[in-house]
Amino acid sequence: MYKLTVVGGPARGAAYTVNEGETSIGRVEGNTIVLNSQKISKRHCVLVVDNTNVTVRDVGSSNGTFVNGVLTKLKKLIPGDRLSVGEYVFEVTKIETRAVPTNNVIQLQRQPTMGALPIEGIPIGQMAGGTGSFTPPSVAKLSVKDKAKEFFEQNILNFAYN
């Protein structure tokens, strides 16, 4: 399963789940994803998801379908790719489906330690602080290259489309 998140253009921040099979994108009802814009064809492109891949195929749109800024008719997508349809820019993300643990127990791998005993199977509420909550590490900052790419897609591509 994949997700398309609008990172540029109208409806920024909106997300669409792309399930196994065929997902159509266009401006009229009957498409899986309907985008209200005259720059998008009635039936613009199709995403095809099989076991491990997602592919975009332009189906004769007037303004074209772009992947990472390059006009394409058929292209295999990978997570992180940017798909541009009209003035909408989507980022492709793979959704990992995993079983959620039901017992609130953290399992740690045993690793060699110098005199310390490994902690294994301690319920979250009994860890240091005893609050039962977990704070994830901070998200890594974007590299200069990623910042430039994001700026280009959000400003230059949107300007060019408009």
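The following paragraphs lead through the strands of this predicted model and then through a group of its aromatic rings.

A good place to begin is the open sheet, in which 6 strands are arranged in the order 2-1-11-10-7-8 with antiparallel pairing. The edges of this sheet are taken by strand 2 (15-18) and strand 8 (70-72), and because each has a single partner strand, one side of each is left without a neighbour in the sheet. On average, and with direction ignored, neighbouring strands here are turned by 35° against each other. At the strand 8 edge, strand 7, which covers residues 65-67, is joined to strand 8 by 3 bridges in an antiparallel manner, and Phe 66 stands opposite Leu 71 of strand 8.

Strand 3, made of residues 21-26, has pairings of its own: 5 bridges connect it to strand 5 (residues 45-49) in antiparallel fashion, with Gly 21 having Val 49 as its bridge partner. Strand 3 is also joined to strand 4 (residues 33-34), this time running parallel and through 2 bridges, and here Ile 25 is partnered with Ile 33.

The aromatic rings bring the reader back to the open sheet. There are 2 aromatic pairs, one of which is formed by Tyr 16 and Phe 90 in an edge-to-face arrangement, with 6.2 Å from centre to centre and 70° between the planes. Since Tyr 16 lies in strand 2 and Phe 90 in strand 11 (residues 88-94), this pair ties together parts that are 74 residues apart in sequence. Tyr 88 and Phe 90 form a stacked pair, with 6.2 Å between centres and 10° between the planes. Both Tyr 88 and Phe 90 are buried, whereas Tyr 16 is partly exposed, with a relative accessible area of 23%. Through these ring pairs, Tyr 16, Tyr 88 and Phe 90 are linked into a cluster.

How values were computed: Residues are numbered from 1 along each chain as its sequence is written. This is a predicted model: local features need pLDDT of at least 70, side-chain atom pairs count only at pLDDT 80 or more; totals for chains, interfaces and linings use all residues. Side-chain values use heavy atoms; hydrogens and water are left out. Two strands pair if DSSP finds at least two bridges between them. Helices (H or I, at least four residues) and strands (E, at least two) are DSSP runs, numbered from the N terminus. Axes are lines fitted to C-alpha atoms, for helices over the stretch in contact, and angles run from 0 to 180 degrees between N-to-C directions. Rings of Phe, Tyr and Trp (its six-membered ring) pair if their centres lie within 6.5 Å; planes under 30 degrees apart count as stacked, over 60 as edge-to-face and the rest as tilted. Buried means under 20% relative accessible area, exposed over 50%, partly exposed in between (1.4 Å probe, protein chains only).
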